[in-house]
Every structure is written in structure tokens, then in C-alpha cells.
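Q: I am new to this structure and would like a close look at one part of it. Please take the barrel and show me how its strands fit together, then what lies around it.

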Amino acid sequence: MGRKFFVGGNWKCNGTTEEVKKIVSTLNDAQVPSQDVVEVVVSPPFVFLPLVKNSLRPDFHVAAQNAWVKKGGAFTGEVSVEMLVNLDIPWVILGHSERRLILGESNEFVGDKVAYALAQGLKVIACVGETLEQRESGSTMDVVAAQTKAIAERISNWSDVVLAYEPVWAIGTGKVATPAQAQEVHLELRKWLQANVNAEVAATTRIIYGGSVNGANCKELAAQPDVDGFLVGGASLKPEFIDIIKAAEVKQNA
Ligand SMILES: O=C(CO)COP(=O)(O)O
């Protein structure tokens, strides 16, 4: 199958220097499966990226939580892709629902960001997901397909993209999607990629789940055939993130 398990930790807008040092030290001391089995990427706020990059174990990598849509310049408050490349930051999270919904980023804007970041050599964790209202009205697949389409229309190479399905109603709510709910959308997304991109991209692109993942629910989710890992928020700030990384072993034993 060849889809290496991927565990991302999205620290969001959290942390002090002391807290960040503590999380890094916990991660550095952890016994986890090897890089051949699981790819681990943590995403601190921009201001802590150099600290984390310089102190984190070499088998774990870092991601920015956002980047500007095109070349940097007169865009007060933004951080450009070029700056991330300059700092040797390999990954960026784009299209997180908090940016789509709170900061008003449209599907097209997110698609443009993904295309620009990939073109400059970054790897992208691209997020999609429906709100509770959209789920209840039966439009989950239409919503995630439209979000994915806006990306697919703008890129030709998916090898540096990880697709994160993060239902908005499950984010930070403690209300995790059931393994069946996650599997259903992941499979539909894979079918969408097959029909609209190609079979190889559908078979090889990692589709990870995010939304109230924790040490207790991660194994059952990881056992789903189309769940290739996680994007973890709150629990990525805690030692239980190590247990979530270890959920990769579920795939090995499958
Ligand atoms: O938004 C998320 C990761 O990007 C998920 O957040 P929680 O794990 O805190 O629900």
C-alpha cells in the first residue's frame, strides 16, 4: 500500500517558551516507532518555529500553521512561503477550518495557497471538513469535494500533499467522529481523487483525520483502512501525543 502513517500535532495559538521547551523535551525522550513506520510533524506558532526546529529530535519535523498566498512583500502581519523555505521549515498546514471560518479564507484562496507553497518546495497538510449544519443537511461530501476540487484544479503533483479531513463539529469539542464516520468520508475522498485526479494519487495520498483525537480513541480510528494518520490539536500539547504516534503500530499489525 505504501501510505506511511502520518501524525501531525497542531499546537494552534498556544504556548509560552517554557511550555514549548517542555513539550519538545517530552517528545525528544519518547520511544516511538521508527521513521519507516510513522512520519511525525509538529506545528508550533510561527514565533516558536526556530526554537522547535533547533531543539527537536531529527526524526520529527516541523510545520508552519499558515503562509501567505504568494510572494512576500507589503503584506503586514503575514509570513511568506519564502521565509519558511529560508528557515528550512519543510511543512505547512493550509486551509485549517479555523482559518476558513474565522479568518474568512475561501476554497479558492486556500487552493492558491496550496499551489504556491508546493511550487516553492514546501510540503502541505491541506485541511478540509464540514460544519455540523452542513453534515446535518446531508452536504458533507459536497462540501469536502468542493474544498478538495479547489486544490486539485491548481496543482498537478500530489506527492507532497497530505489531506486532512477535519469535521468542524469534532474540533476541540471532545465529540470525535466515530471510526465509521471517519472511514466513510476518507473513502469518499479517495474515490473523489480517483475520479477527478487519477488512480495513483487516490491510492497513494495520505488522508488523515483530525477532531478530538486522543490517546484513548486513536487506535480504533487508526484501524480504519482509509485513515492514514491524524492531525491532532489539544492532545498534541500533552504527553498522550506519544500514544497517538504509537497508533501507527495498529497499521503494522493489520
Ligand atoms: O483542529 C484540529 C487539528 O488541526 C483538531 O483539534 P482538536 O484535536 O483539539 O480537536
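A: What follows starts with the barrel, moves strand by strand, and then turns to the ligand, the helices and two loops.

This is a predicted model. Keep that in mind throughout.

Start with the overall plan. Eight strands close into a barrel. Their order is β1-β2-β3-β4-β5-β6-β7-β8, and the pairing is parallel. From one strand to the next, the twist averages 25 degrees.

Now take β1. This strand covers residues 5–10. Six of its six residues are buried, so β1 is largely enclosed by the rest of the structure. Look at its two sides. F5, V7 and G9 point one way. F6, G8 and N10 point the other way. Both sets are buried. There is a general pattern behind this: in a regular strand, side chains alternate between the two faces of the sheet.

β1 has β2 as one partner. Strand β2 spans residues 38–43. Six bridges join β1 to β2, and the two run parallel. To find the pairing in the model, pick G8. Its bridge partner in β2 is V41.

Step on from β2 to β3. Strand β3 takes in residues 60–64. Three bridges link β2 and β3, again in parallel. Here V42 is a good marker. Its bridge partner in β3 is V62.

Go back to β1 and look at its pairing with β8. Strand β8 runs over residues 229–232. Four bridges join β1 to β8, and these strands are parallel. F6 of β1 stands opposite G229 in β8.

β8 is covered on both faces. G229 and L231 lie on one side, F230 and V232 on the other. These four residues are all buried.

β8 also pairs with β7. Strand β7 holds residues 206–210. Two bridges join β7 to β8, and the strands run parallel. Y209 stands opposite F230 in β8. So much for the strands.

Next, the ligand. Around the ligand there are 14 residues. N10, I171, G210, G233 and G234 come nearest. Two of these names tie back to the barrel. N10 belongs to β1, where it points the way of F6 and G8. G210 sits at the end of the residue range of β7, 206–210. By character, the shell divides into five nonpolar residues, eight polar and one charged.

Now the helices. Begin with α5 and α7. Helix α5 covers residues 107–119, and helix α7 covers residues 140–152. Their axes come within 8 Å. They cross at roughly 40 degrees. The two helices are therefore oblique to each other. Their crossing is right-handed.

Each of these helices offers a residue to look at. In α5, find A115. A115 counts as buried because 20 C-beta neighbours lie inside 10 Å. Trace from A115 to E153, 38 residues apart along the chain. Their C-alpha atoms are separated by 9.3 Å.

In α7, find A150. A150 is buried too, with 21 other C-beta atoms within 10 Å. Compare its position with that of A202, 52 residues apart along the chain. The C-alpha atoms of A150 and A202 are separated by 16 Å.

α7 has another crossing, with α8. Helix α8 spans residues 179–196. The axes of α7 and α8 come within 10 Å and cross at roughly 45 degrees. This pair is therefore oblique as well. α7 passes α8 in a right-handed crossing.

Finish with two loop residues. Most residues other than glycine have a negative phi. D88 and S212 do otherwise. Phi of D88 is near 65 degrees, a positive value in a residue other than glycine. S212 is not a glycine either, and its phi is positive at about 60 degrees.

Where do D88 and S212 sit? D88 is in the loop between α3 (81–86) and β4 (91–94). S212 is in the loop between β7 and α10 (218–222).

Are they buried or exposed? D88 is exposed, with 10 other C-beta atoms within 10 Å. S212 counts as buried, with 21 C-beta neighbours inside 10 Å.

Methods
Residues are numbered from 1 along each chain as its sequence is written. This is a predicted model: local features need pLDDT of at least 70, side-chain atom pairs count only at pLDDT 80 or more; totals for chains, interfaces and linings use all residues. A residue is near a molecule or strand if its C-beta atom, placed from the backbone, lies within 6 Å of it. Ala, Val, Leu, Ile, Met, Phe, Trp, Tyr, Cys and Pro count as nonpolar, Asp, Glu, Lys and Arg as charged, and the others, Gly among them, as polar. A residue is buried if 20 or more other C-beta atoms lie within 10 Å of its own, exposed if 12 or fewer, and partly exposed in between; C-beta atoms are placed from the backbone. Two strands pair if DSSP finds at least two bridges between them. Axes are lines fitted to C-alpha atoms, for helices over the stretch in contact, and angles run from 0 to 180 degrees between N-to-C directions. Angles under 35 degrees count as roughly parallel, over 145 as roughly antiparallel, 65 to 115 as roughly perpendicular and the rest as oblique. A crossing is left-handed if the near helix is turned anticlockwise from the far one by less than a right angle, and right-handed if clockwise.
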